Amino acid sequence: RLTKRPSGPPRPTNCFMNEPPKLHRCAVARSLALRLCTALCLSMAGCFIGLELGSTNGLCAAQGVSGWFACRKAITPPTNVYWEGRKYGVLYSRRGVVQTLARKYASDALTMLDVGSYVPNIVASFDWIPNKIATDIQADQRMGWDAARGVAFVKGDFLDLHFATHFDLVTCTQVLEHFSDDLAKQFVRKMQRLCRPQHGLLVVSVPYEMPRTWIPCPEVKNRQVCKGHLQDPLSSDEFAGWFNQGVPGSVVSHVVSRGRVGVRGQTTWANGTRIPANYQVIAWRRHAAKRGRQKALEGNATVPKRKRIVSKARLGSTTGEPTTPRRQVA
C-alpha cells in the first residue's frame with residue numbers, strides 16, 4: 001500500500017538503530033565499536049590469565065609467547081625411556097593425582113623435596129614451585145641429571161642425609177613398595193618431620209593391591225630393599241597405617257585410582273598379560289605442635305613431665321603445722 005511521505009525537515013539518524021538513511025555508515029560504526037570492545041576484553045583477560053599462569057606455572061608463563069618456548073626448552077630435562085612410558089599416566093601427568101593434590105593443598109608452595117627421584121622429569125614437572133631438591137641413592141648419567149636445570153640433586157641414602165630446613169611440599173612416588181614395613185615407616189616419619197611445621201604437605205604414592213607376580217622379588221629372608229616390589233599386594237588400610245608416626249598432622253586425602261585395560265597410562269604387564277595399573281596416593285598435612293614440645297618431637301626425644309610446685313603454705317596446711325600469715329603493709 002502506497003503511503004504519503006511526511007513533509008518537513010528530515011529527522012536525525014541514529015547509527016545504533018536500523019533506520020533507512022545512512023544504514024551503511026551505521027553498520028561500519030557498530031562494527032568498529034564491537035571490535036574495540038572485543039579487543040579491550042581480550043587484553044584484560046590476557047592480563048589476568050598471564051598473572052594466573054605466572055603464579056601457577058612458573059616464570060616461563062611471564063616470558064611472552066616467543067620467550068615461553070625458549071624458557072620451556074631450557075628448563076625441560078632431556079627425555080628418557082622411563083619418563084616416556086609414564087608422563088601420560090594417572091600419577092605423573094599435569095592432571096594426574098599427585099599434581100592435583102599438590103596444587104589443591106600446597107598451591108603457594110615455594111620449596112619442594114622429592115625422595116627417590118629416579119629421573120629429573122618427575123620433579124621438574126612441578127615448574128610452578130621455584131626451589132626444588134631431589135634425592136636418590138642412584139644417579140645414572142643417562143637419566144639426564146647433569147642437564148637438568150632448576151632442580152638441585154643430592155645423591156645419597158635418604159635416612160643418612162641431613163637437611164637444614166623444612167619444605168612446603170615433600171613427595172615420594174612409587175618408592176616405598178620396594179622396602180620392608182620397618183624401612184617404609186622410617187622413610188615416612190622422616191618425610192613427615194621435614195614438612196613445614198605449619199601446614200606442610202606430604203604426598204606419597206604406592207601401588208594398590210597389585211598381584212605379587214607383577215614385579216616380583218627373589219625369596220630372601222630378612223630382605224629390606226629389593227628392585228622388585230616387597231609390598232604387593234598393599235591394601236589401603238596398611239598404607240594409611242604408615243602415617244601414624246607421632247608427628248602432629250592428619251591425612252587430608254586418600255585417593256585410589258583403578259586403571260582400565262586399553263586406556264593409555266592405565267595399563268601394565270604381568271607375566272606377559274596386560275593388567276590394569278592400580279595406584280593409591282595419600283596427602284598428609286602437618287600441624288603446628290604445641291609450644292615447648294616442638295624440639296622434643298623433632299629430636300625424637302621424650303617430653304619430660306612437668307614438676308608440681310607446692311608452696312610452703314600449702315605444705316603447712318597439709319601436714320598440720322601452723323602457717324604464718326602474710327605481713328600486711330600499712
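Start with the shaky part: over residues 301-330 pLDDT stays under 50, and for that stretch the model has eight contacts beyond four places in sequence. Keep in mind that this is a predicted model. Across the chain, pLDDT averages 77, and 66% of the residues score at least 70. Where pLDDT is low, the predicted coordinates shouldn't be read in detail. With that said, here's a tour of the sheet, its helices, the spaces and a few odd spots.

**The sheet**

- Look for an open sheet of seven strands, which run in the order β3-β2-β1-β4-β5-β9-β6 with mixed pairing.
- At the edges sit β3 (152-155) and β6 (249-257), each of which pairs on one side only.
- On average, neighbouring strands of this sheet are turned by 15 degrees against each other, if you ignore direction.
- As a bit of background, strands of a sheet pair through backbone hydrogen bonds, and the pairing is either parallel or antiparallel.
- One pair to find is β4 (residues 169-173) with β5 (residues 201-207), which pair in the parallel sense over five bridges.
- For a single link between strands, try Thr171, whose bridge partner in β5 is Val203.

**Helices on the sheet**

- Helix α6 packs on the sheet and touches β1, β4, β5 and β9, with its direction making about 155 degrees with that of β5.
- Helix α4 (residues 97-105) lies across β4, β5, β6 and β9 (279-286). Its run is at about 150 degrees to β6.

**The largest pocket**

- The largest pocket has a volume of about 1,300 Å³.
- Its lining takes in 45 residues, and the ones nearest the centre are Tyr82, Tyr118, Gln174, Glu177 and His178.
- Several elements each supply at least two residues of this lining: α3 (81-84), β1 (111-115), β2 (131-136), α6 (181-194) and β7 (267-270). You've already met α6 packing on the sheet.
- Sorted by class, the residues of the pocket lining are 21 nonpolar, 15 polar and nine charged.

**The cavities**

- Searching the whole structure turns up two cavities of 30 Å³ or more.
- The largest cavity holds about 50 Å³ of space.
- Around the largest cavity you'll find Trp83, Leu91, Tyr92, Val98, Gln99, Ile122, Ser125, Phe126 and Thr173.
- That lining has six nonpolar and three polar residues, with no charged ones.

**Gln245 and its company**

- Gln245 is placed in the loop between α7 (236-241) and β6.
- Leaving aside neighbours within four places in sequence, Gln245 is in contact with Lys185, Val188, Arg189 and Gln192.
- Gln245 and Arg193 are 52 residues apart in sequence, while their C-alpha atoms are 9.9 Å apart in space.

**Backbone oddities**

- Asp232 and Pro233 are joined by a cis peptide bond, with omega at about -10 degrees. To find Pro233, go to the loop between β5 and α7.
- His199 isn't a glycine, yet it has a positive phi of about 65 degrees. Its spot is the loop between α6 and β5.

Definitions and conventions. Residues numbered from 1 in each chain as written. Predicted model: local features only at pLDDT ≥ 70, side-chain atom pairs only at ≥ 80, totals over all residues. Heavy atoms only, no water. 1 Å grid on protein atoms, 1.4 Å probe; cavity = no way out; pocket = protein on both sides within 12 Å on 5 of 7 lines; lining within 4 Å. Points joined across faces, edges and corners; volume = space filled by probe spheres on them. Helix = DSSP H or I, 4+ residues; strand = E, 2+ residues; numbered from the N terminus. Nonpolar A, V, L, I, M, F, W, Y, C, P; charged D, E, K, R; others polar. pLDDT = per-residue confidence, 0-100. Contact = heavy atoms within 4.5 Å. Pairing = 2+ DSSP bridges. Axes fitted to C-alpha atoms, helices over the stretch in contact; angles between N-to-C directions.
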